Amino acid sequence: MNTPVRLYAALPAAETGGKDKQQGLEVTALQRESLGKPVREVQVTGVAEVSCPADRASVRVSVTSTKESVNEVTNSISRRLEYILQTIRQHGIRDDHMSVRQFLHRDANTFSMNAEIVVTFSEFQKMEQMCRILLEKLDRSVHVGATQFFHSAASLSQLRLHACVAAVENAQQKASKISQLLGESLGSPLLVREEETKEWRNEEEAAAREHSSTALPPLLPHIPIATASSQVSVSFSFRDKSKKKL
């Protein structure tokens, strides 16, 4: 019959990359029968939080023109579009990272055309340089929209992975300290199970801070931060003291 021995301890948090959080510890030391031999193990939980800022940004550039003929309005839009696209390409942005749409409207005796370019950046400095050039060189018919920051799918996948790895590292450090406290030697892991994962972003909190006071000057665009947390349960064996060290 198994006789569990429960130990409770609060140990210092392990140092991991990003924002890391570690909670209290519950350890269960068990002896189980396996093929006639007792299996001695320690079961621990590990918790970690890891954060990272957005790694992508999109900018919407729109162009408008109104002329008396279709050819005139088309030529007007085409000249501006060509300059904008050339400026974007000069900053190392590939065509597959931008999209272009054009809309033609007729109103009484005039024709209006709207063009829209959406560009996705992974280097924010290039984005700022491009926006500054467009605002300086083009007239008011060209509008550069507010920057929208977001996380790529690859970035969020890595964030979840780092949170899980950090939680396992915390659990391993806990088990190691507990084994030393009990005069044991920590062996190989027997089971690793992720019990719970959470993920959230801070856009709403940032928006509330930006609109909390109208007396302050406009703030710089906020870069959202995503946070992932992971809780794992890990079982480690205790090394058999009866075996001689090689």
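1. Strands here are DSSP runs of at least two residues, labelled E and numbered from the N terminus. With that in hand, Ala-108 is easy to place: the loop between strand E5 (98-107) and E6 holds this residue. Keep in mind that this is a predicted model.

2. A quick word on the overall layout. The protein chain has four helices and 10 strands. Read from the N terminus, the order is β-β-β-β-α-β-β-α-β-β-α-β-α-β, so to speak an opening run of strands before the helices begin to alternate with them.

3. On burial and surface: of the 246 residues in the protein chain, 35% are buried. The exposed surface of the chain comes to about 15900 Å², with carbon and sulfur atoms supplying 51% of it.

4. The contacts reach across the sequence. Among those in the protein chain with a separation of 6 or more, 76% are between residues 24 or more positions apart.

5. Back to Ala-108, which I'd look at again. Its phi is positive, about 60°, although the residue is not a glycine. Most residues other than glycine have a negative phi. Is Ala-108 buried or exposed? Its relative accessible area is 59%, and the cut-off for exposed is over 50%, so Ala-108 counts as exposed.

6. Now for Glu-116, which sits in strand E6 (residues 110-121). At a relative accessible area of 16%, Glu-116 falls under the 20% limit and is therefore buried. Which side chain does the Glu-116 side chain meet in a polar contact? The partner is the side chain of Arg-60, at 3.0 Å.

7. The wider surroundings of Glu-116 are worth a click too. Leaving aside residues up to four places away in sequence, Glu-116 touches Arg-60, Val-61 and Ser-62, and also Ser-99, Val-100 and Arg-101.

8. Last, the helix pair. Helix H1 (residues 70-90) and helix H2 (residues 124-137) have axes that come within 10 Å and cross at roughly 150°. Angles over 145 degrees count as roughly antiparallel, so that is how H1 runs relative to H2. From H1, the contact is made by Tyr-83, Ile-84, Thr-87 and Ile-88, while H2 brings Met-130, Ile-133, Leu-134 and Lys-137. As for handedness, the crossing of H1 and H2 is right-handed.

Methods: Residues are numbered from 1 along each chain as its sequence is written. This is a predicted model: local features need pLDDT of at least 70, side-chain atom pairs count only at pLDDT 80 or more; totals for chains, interfaces and linings use all residues. Side-chain values use heavy atoms; hydrogens and water are left out. Buried means under 20% relative accessible area, exposed over 50%, partly exposed in between (1.4 Å probe, protein chains only). Contact means heavy atoms within 4.5 Å. Accessible areas come from the Shrake-Rupley method with a 1.4 Å probe; for residues, only the protein chains shown count as cover. A polar contact is a pair of N or O atoms within 3.5 Å; within protein, one must be able to donate a hydrogen and the other to accept it, and residues adjacent in sequence count only if both atoms are side-chain atoms. Axes are lines fitted to C-alpha atoms, for helices over the stretch in contact, and angles run from 0 to 180 degrees between N-to-C directions. Angles under 35 degrees count as roughly parallel, over 145 as roughly antiparallel, 65 to 115 as roughly perpendicular and the rest as oblique. A crossing is left-handed if the near helix is turned anticlockwise from the far one by less than a right angle, and right-handed if clockwise.
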